[in-house]
Amino acid sequence: MTTDPTLLTIAEASALFESKKLSPVELTKACIAKTEALDPTLLSYLKFTPEAALETAKAAEAAITAGKRVSPLQGIPIGLKDIYDTAGVTTTGHSRLMQQRVPTEDATTVAKLKEAGCVITGKLGTWEFAIGGPSFDLFHPPARNPWNTECQTGGSSSGSGAAVAAGLVLGAMGSDTGGSIRSPSALCGIAGIKPTYGLVSRKGVLPLSQSLDHAGPMAWTTRDCAMMLQVLAGHDPGDPASAKEAAVDFTAMIGKPVKGLKVGVVRHFYEKDHVATDSVRAAVEASLAVFKDMGCIVSEVTLPPLIEFAAVNMVIMSCEAYSIHEKHLIETPELYGEICRDRIMLGSLLSGSDYVNAQKRRRELCAEVAAAMAGVDVLVTAASPFPAQKLAEVPKWLMYDKPSITSPFNVTGLPALATCAGFDAAGMPLSIQIVGKPFADATVLALGDAYEAANGWRAQRPPLAANWGAKAAA
Amino acid sequence: MKETVTPEAFQVLVDRTGLKLTPKQFDELRGAYPKLQALASRLKTPRDVAAEPAAVFSAKV
């Protein structure tokens, strides 16, 4: 086990708290020191709150010492994408439009994390309003990928991906409308789950597109995501889309054998519909061999073409996002960055009929995917068709030109995990998606955890994050 | 090759929105519009007259 506490997983740190071999204050101080050393390069934080974090860590330490631990997450440093409302702390959406906005209430999820004793370390960068980025014309530049700081993190939960991969925090909150948890998780080499639609409350999270928005956790491992989801999930009457599903133990299946699980690989997504790099295709194929070795039964599944999902996702998102931003785009367009402004403005040109057609096609696609999944427990496909590109080379209209490989599971609302599947020749992370049936998030997490345990990739951190102490000492 | 939209036709669309675009923004959006329109056009497939959208209203708050 590592001696650098910032490189611990949530599960490891939690166990060390329990055995009194590590204290929340010790861990939080290490994360603060690491953030001060590395974040001037990584640019993951919009607002870093070390004093408040340390106060919470002290309270956690006192509770644990007194035998009054409230949850396994107590004392764990967690960062928040800056679209999660935080009482008394700015929540900006990474936009000049809301740069001075200070909510009076916490988002439901933030309140849950605080009740669980998490140490909230601050607000992390995002693509502007979770759609516009990477952008250089905002009040803070875009986060950089810890594996290569010339590269992008993926988006929109960009700061969350960078901060978790670098070990500035042990977990973070992201949001996902077309892939915004899974893309940065894939490109930063971490784990992130977009839970089933309705499982995690979105109350107090700045919306992009309410019928597609999902809130969810990002962490170094799938097991850590399960621990976070255990705290985050549950019905919230304040979120009209919140489901009333019975409580599930998301950690119960973690570490259990996955032998006999039926895995359907969706090859046409990354071999035909959006042709992935050779490195990504090889990584997905290699993952299938791992699943077979674990006793899973692998078969091929065909879904509707990616472009069908992309059409639904983009039309619904464009219309709903424009509805949210119409007033400000007409009155104060200069307060938006160019990419966010132009992408959302495009939605103004669609019709009501376009929107309803998309919602009708969405229902059809949900039925078609459910039928295709009848014979399997989970789907596996690529999480990103490519590893992280250079920041300056991210095309502005990529998601309109090439269908997203993640958005099918926003359209269908299915739980979808991105987890590391190795590295390319340049040392950049590759990733797979594991997708479950509605509210079978625990199955997805169990398979992701078993896969990580079998492949060994979790032992490899970005060199910058692993050697920061030596760098600071020098 | 995606279809293009003439400046005049695009101006009609923009005028309906109330947005005030600079010439640069106008050109940028006019260039991108066919990409989104192509996606929207895919959704105009024939379907039963009674086909329901995925978003449903609930009378119970």
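Helices (H or I, at least four residues) and strands (E, at least two) are DSSP runs, numbered from the N terminus. The model is predicted: local features need pLDDT of at least 70, side-chain atom pairs count only at pLDDT 80 or more, and totals for chains, interfaces and linings use all residues. Residues are numbered from 1 along each chain as its sequence is written, and chains are lettered from A and ligands numbered from 1 in the order in which they are written.

**Exercise 1. Describe the build of chain B and state whether H1(B) is buried or in the open.**

Step 1. Chain B has two helices and zero strands.

Step 2. Its C-alpha trace spans about 45 × 35 × 15 Å along the principal axes. The radius of gyration of chain B is 17 Å, while a compact globule of 61 residues would have one near 10 Å. This radius is taken over C-alpha atoms, and the globule rule is 2.2 Å times the number of residues to the power 0.38.

Step 3. A residue is buried if 20 or more other C-beta atoms lie within 10 Å of its own, exposed if 12 or fewer, and partly exposed in between, with C-beta atoms placed from the backbone. By this rule 15% of the 61 residues of chain B count as buried.

Step 4. H1(B) has 11 residues and the number buried is zero, so this helix lies largely in the open. After H1(B) comes Gly18(B), with a positive phi near 85°.

**Exercise 2. Find which elements of chain B touch chain A.**

Step 1. Two residues are in contact if their C-beta atoms, placed from the backbone, lie within 7 Å. On this basis 22 residues of chain B contact 30 residues of chain A.

Step 2. Helix H1 (7-17) and helix H2 (23-41) of chain B are the elements that give two or more residues to this side of chain B. H2(B) supplies the largest share, nine residues.

Step 3. Sorted by type, the residues on this side of chain B are 13 nonpolar, three polar and six charged. Here Ala, Val, Leu, Ile, Met, Phe, Trp, Tyr, Cys and Pro count as nonpolar, Asp, Glu, Lys and Arg as charged, and the others, Gly among them, as polar.

**Exercise 3. Place strand E2 of chain A among its partners.**

Step 1. E2(A), residues 77-81, is mostly covered, as five of its five residues are buried. Pro77(A), Gly79(A) and Lys81(A) point one way from the strand, and Ile78(A) and Leu80(A) point the other way.

Step 2. Two strands pair if DSSP finds at least two bridges between them. E2(A) runs parallel to strand E3 (residues 119-124) of chain A, joined by four bridges; Leu80(A) has Lys123(A) as its bridge partner in E3(A).

Step 3. E2(A) also pairs in the parallel sense with strand E4 (residues 171-176) of chain A, over three bridges. In that pair, Gly79(A) stands opposite Ala172(A).

**Exercise 4. Give the strand order of the sheet in chain A and explain why E1(A) and E8(A) stand at the edges with one side left without a neighbour.**

Step 1. The open sheet has 11 strands in the order E1-E3-E2-E4-E6-E5-E10-E11-E9-E7-E8 (chain A), with mixed pairing.

Step 2. Strand E1 (45-48) and strand E8 (297-300) of chain A each have a single partner strand, so one side of each is left without a neighbour in the sheet.

Step 3. An antiparallel pair in chain A is strand E9 (residues 378-382) with strand E11 (residues 429-436), joined by five bridges. Thr381(A) stands opposite Gln433(A) in E11(A).
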